[in-house]
Amino acid sequence: MTDVAADTRPAEADPARTERMVLTGLLALPALFLTVLSLVPLLLLLQLSVAHHDEGGLWRPSLELTQYAKLLNPQFLKVAAFSISLAIGTAIVSVAIAFPAAYFISRMKRRAQVAWLVFLLSTLSLSEVLIVFSFQVLLSGAGAMVKTLMALGLMSSAHSLYPSFGAVQACLIYVVLPYIILFLYPAVSQLDDDIPAAASTMGASPVWTFLTVTTPIVRGPLLSAGLLVVIWTVGTYLTPLVLGRPQNWTIGVQISNAAMTTGDLPLAAAQAVALVCAMVGLLGLTRWLSGQKDAQA
Amino acid sequence: MFGLEITGVTKAFGAHKAVDDVSLAIPQGEFVCFLGPSGCGKTTLMRMIAGLETPGQGTIALNGKDITRQPANVRKFGMVFQSLALFPHLTVGENIAFSLRLQGKDARQRKARIEELLTLVRLPDMEKRAVSQLSGGQRQRVAIARALAQEPPVFLLDEPFSALDAKLREEMQIELRLLQKRLKITTILVTHDQREAMSMADTIAVMGEGRIQQHGGPLSIYRDPANKFVANFIGLSNLLPVEVLDKDTVRFGANILKVASTPEASRPSTLATLSIRPEDIQITSADQAQDNTVACKITFVRDMGSSVEVHLDCEGRDLLSVVQPRDWTGAGAGDIAHLRLPQNQCRVLAA
């Protein structure tokens, strides 16, 4: 009997090992692609950021930090701070709109839910370029928005609503909103309807329930959605360029100017690296913050 | 009236009437079970009592005051949900203190009440635990403690034990009943489990098709079902089609049977249903044949050890008799048995 058992043991281990090998083989290719496609450009960018800038848009390999030193000038820091605050503002407003929207859609009848989701998915087919230029038409002096505001008596004389900070902010929110609603929909539709009902039998008003029960339960997805918006919009380029004044221009516009107008590729690379570092720092901070909260709970 | 009074309550979802003209009076401190199959409207009725649904028609009154239009957060009837609906982001203590916080109780009062309730449900020192760290039975008790924290005038439980295994369920049923007796709180429990209803409730409201089919004490409902639905749903019943001959005689096929009494509405030669419990049917040998005896063919015998189930074919109808092992003659499938149907156990219901 013991002999038989000893014989079967290696045979039992075999399928598991084969499965692992097949899995490794299958995952090797995507892993390789990911490494090559994300790491190689990042390394090239790093190399370029420490290169020496020659006049006339040229550069030669070097190992100097002069470009990084240039980042410390107040003008660049101001633009960087503006970009990050614009991204965070967009994140807060879009999540604040998308969360209740996703919640109400998930509580509709099946048919209405499908109609809303199809509508949201179809708006994703609009490219950012198309949206930005549509906003330009909409907000122009002869556009529909101005006419409506005039008709309502909210505006005394017809003038264009762009370039302005408001136009940039509104357009960015419009662009990210359908993504965020679709992103939050699965989490929100899994919420147990009995939970708000239980809160109300204990004396909580609907608004109080939404703020103190429903929202904290989906805190994780809300935070992820906010981060996603920050990462998407911090490097935005076209929207501030078309709909904003120069003081509303973001780090994206700054990088483009450094690379294309001034021809200082190493400086543009250093600015891009700084942006990536800021994002990694933000991600770390959020993780740490949510970890702290979980530890408290 | 002191207690809860439901009058002519109706609730329709589209064309479907979930609750149809229900009236019920529950005296203060009574334990009532809403018992019925799924889809009979019992949960909808409970949600209307809690204020989570608004009746289409009818009124709900508490201690004589009409509360039909009062929202759930004003009524504050403690409710335990089937899913329990514990708040996953809060600890056990914070879950229990949710209503206390809304009442404006300070930290010291909250702590004292949490400790009192956790002792009551036998979960001392669990205050700081996360809900996710608890077992099924512990969650159940936290949900009960949370619903009782605000000292509700009415305590509602919607199939609270359905997710527990059989042993734990029985334990929790006993615990809840003892707790209810101690607190003397008006309690309504929704269940589809007749054993649960029979063992816990002061009175049972049997629900079917959106209506209360019968309301009364557990034994009176079991002994004296009001109609075919109740006879079928509460315990096992043999239901036989009969023709009424006079006020205590019916005809079943070729057999003339004496019965307890026929419904007042039924006149001679109308059709009715004879109901008799399996344990009330006596199997006798042919030579003992007396009145109220019918001859049947045994189709199947199931010896369960503590009792014997005998399935019979009687005038083309399936019949079930449950006998004690010591009374069992040992006959097998295909044998002819003589069944005595005691007159006072034969109830005639509307067809």
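Me: In what order do the 5 strands of the open sheet in chain B stand?
Reply: This is a predicted model, in which local features need pLDDT of at least 70 and side-chain atom pairs count only at pLDDT 80 or more, while totals for chains, interfaces and linings use all residues. Residues are numbered from 1 along each chain as its sequence is written, with chains lettered from A and ligands numbered from 1 in the order in which they are written. Strands are DSSP E runs of at least two residues and helices H or I runs of at least four, numbered from the N terminus; two strands pair if DSSP finds at least two bridges between them. The pairing in this sheet is antiparallel, and the order in chain B is β15-β19-β16-β17-β18.

Me: Which strands of chain B stand at the edges?
Reply: An edge strand has a single partner, so one of its sides is left without a neighbour in the sheet. In chain B the strands at the edges are β15 (282-284) and β18 (317-323).

Me: What is the average twist from one strand to the next?
Reply: Axes are lines fitted to C-alpha atoms (for helices, over the stretch in contact), and angles run from 0 to 180 degrees between N-to-C directions. From one strand to the next, the twist averages 45 degrees.

Me: Which residue in the turn of the hairpin of β16(B) and β17(B) has a positive phi?
Reply: β16 (residues 293-303) and β17 (residues 308-314) of chain B pair antiparallel over 6 bridges, one partnership being B:F300 with B:H311 of β17(B). The hairpin has 4 residues between its strands. The phi of about 90 degrees in the turn belongs to B:G305.

Me: Which residue in β19(B) stands opposite B:V294?
Reply: β16(B) and β19 (residues 336-340) of chain B run antiparallel and are joined by 5 bridges. Opposite B:V294 in β19(B) is B:L339.

Me: How far does helix α5 of chain B reach from its first C-alpha to its last?
Reply: α5 (residues 136-148) of chain B has 13 residues. The expected span is 1.5 Å times one less than the number of residues, here 18 Å. Close to that, the helix reaches 19 Å.

Me: Which element of chain B gives the largest share of the side that touches chain A?
Reply: Counting residues in contact when their C-beta atoms, placed from the backbone, lie within 7 Å, 19 residues of chain B meet 15 of chain A. Elements giving two or more residues to that side of chain B are α2 (72-75), β6 and α3. The largest share, 3 residues, comes from α3(B).

Key
Contact = placed C-beta atoms within 7 Å.
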